[in-house]
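Work through the exercises below with the sequence and the 3D view at hand. Each task is followed by a solution in steps.

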Amino acid sequence: MSDIAYVNGAYLPLADAQISILDRGFLFADGVYEVAAVIDGRLIDNDAHIARLERSLGELRLESPVPMAEIVEIEKALVARNGVAEGMVYLQVTRGAAERDFSFPKGVKPTLIGFAQKKNILASPYAEKGIKVVTVPDLRWARRDIKSVALLAQVLAKQAATEAGCHEAWMVDAGGFVTEGSSSTAFIVTRAGAIVTRPNSEAILPGCTRRSVLALAQEHGLKIEERAFTVAEAYDAGEAFLTSASNLVLPIVAIDGRQLGDGAPGPHARRLRSLYLDFARATAL
């Protein structure tokens, strides 16, 4: 965890970083967040994250307390002040602190906080050996396209994965279709070699890494199918992988205890991770 955090205009030791117990993010989960990766001390794919933050704020009719350009400078300052060569920067905006009432308060300035975390992203052992996932019912609200701080369903999903000895949970809707991971985008690769992932809609978060990986796949002539897929189809896939800001591209080698292929990371996941790393470094801020 970082030593220096940002709270409403001030950089201060993490131990001293505090917000009011009346903050609506704490009381109502009335807020949004973003996470950007850091590699070589620079922000990765950050324009997409800032654009998504701005969109999430707009969907909740929540104003940022500072311009988007200034938020980027805050991210960079957190990276520098904490000496983060590799890891993540977390940002959160809430509607601010006010007397507890469900309706939007008037004349209240939103809360903006941020911190940085060091994490081994490039040499992740999971990139070499792959991960296991477990499927769980999708219990979330209907507006999953908003990166809301209301993450209880995802917490329960991730805990189910942990208890099953897995790295991630894939959430499944009532029709048996995979929506996404608890903190990632879900992909399968058919035995015919098509990369399949659910299309963006209110049912899933529009992943920033997802977007870039799909663009790279298309650029390199890989077949893409943006459609829903079932758990049964995932069991029968040639390979699978996930994308997220904090993990980039990770191969999946088993789903619900069923081994995929030969149980080793597949060629599509390996290639796309390599392509994304090249892209990330070339476009980093």
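Two strands pair if DSSP finds at least two bridges between them. Helices (H or I, at least four residues) and strands (E, at least two) are DSSP runs, numbered from the N terminus. This is a predicted model, in which local features need pLDDT of at least 70 and side-chain atom pairs count only at pLDDT 80 or more, while totals for chains, interfaces and linings use all residues. Residues are numbered from 1 along each chain as its sequence is written, and side-chain values use heavy atoms, with hydrogens and water left out.

**Exercise 1. Describe the surroundings of strand β14 and its partners.**

Step 1. Start with burial, where buried means under 20% relative accessible area, exposed over 50%, and partly exposed in between (1.4 Å probe, protein chains only). In β14 (residues 248–255), 8 of the 8 residues are buried, so the strand is largely enclosed by the rest of the structure.

Step 2. Take the parallel partner. β7 and β14 run parallel and are joined by 3 bridges; Val133 stands opposite Ile255 of β14.

Step 3. Take β13 (residues 239–244). This strand runs antiparallel to β14, with 5 bridges between them, and Ala240 stands opposite Ile252 of β14. The two strands are connected by a hairpin of 3 residues.

Step 4. Take β15 (residues 258–259), which pairs with β14 in the antiparallel sense over 2 bridges. Here Arg258 is the bridge partner of Ile255. The hairpin of β14 and β15 has 2 residues between the strands, and Asp256 in that hairpin has a positive phi near 50 degrees.

Step 5. Look at the side chain of Arg258. Its charged end sits over the ring of Tyr235, 4.0 Å from the centre. The criterion is that NZ of Lys or CZ of Arg is within 6 Å of the ring centre and within 35 degrees of the ring normal. Arg95 also lies over a ring face, that of Phe104, at 3.6 Å from the ring centre.

**Exercise 2. Which residues form one aromatic cluster, and how are their rings arranged?**

Step 1. Apply the criterion: rings of Phe, Tyr and Trp (its six-membered ring) pair if their centres lie within 6.5 Å; planes under 30 degrees apart count as stacked, over 60 as edge-to-face and the rest as tilted. The whole structure has 7 aromatic pairs.

Step 2. The ring centres of Tyr33 and Tyr90 are 5.5 Å apart and the planes are at 20 degrees, so this pair is stacked. Tyr33 belongs to β3 (residues 31–39) and Tyr90 to β5 (residues 86–94), so the pair ties together parts 57 residues apart in sequence.

Step 3. Tyr90 and Phe115 have ring centres 4.9 Å apart and planes at 15 degrees, so they are stacked too. Phe115 lies in β6 (residues 111–118) and Tyr90 in β5, so this pair links parts that are 25 residues apart in sequence.

Step 4. Tyr33, Tyr90 and Phe115 therefore make up one aromatic cluster. Relative accessibility is 12% for Tyr33, 17% for Tyr90 and 18% for Phe115, and each value counts as buried.

**Exercise 3. Find where the buried residues of helix α5 lie.**

Step 1. In α5 (residues 152–163), the buried residues are Ala153, Gln154, Ala157 and Ala161.

Step 2. Down the helix axis, these buried residues fall within an arc of 100 degrees (taken from the directions from the axis to the C-beta atoms), so they line one face of α5. Leu152 and Glu163, on the other side, are exposed.

Step 3. The buried residues pack against β7 (131–137) and β8 (168–172), where contact means heavy atoms within 4.5 Å.

How values were computed. Expected span 1.5 Å × (residues − 1).
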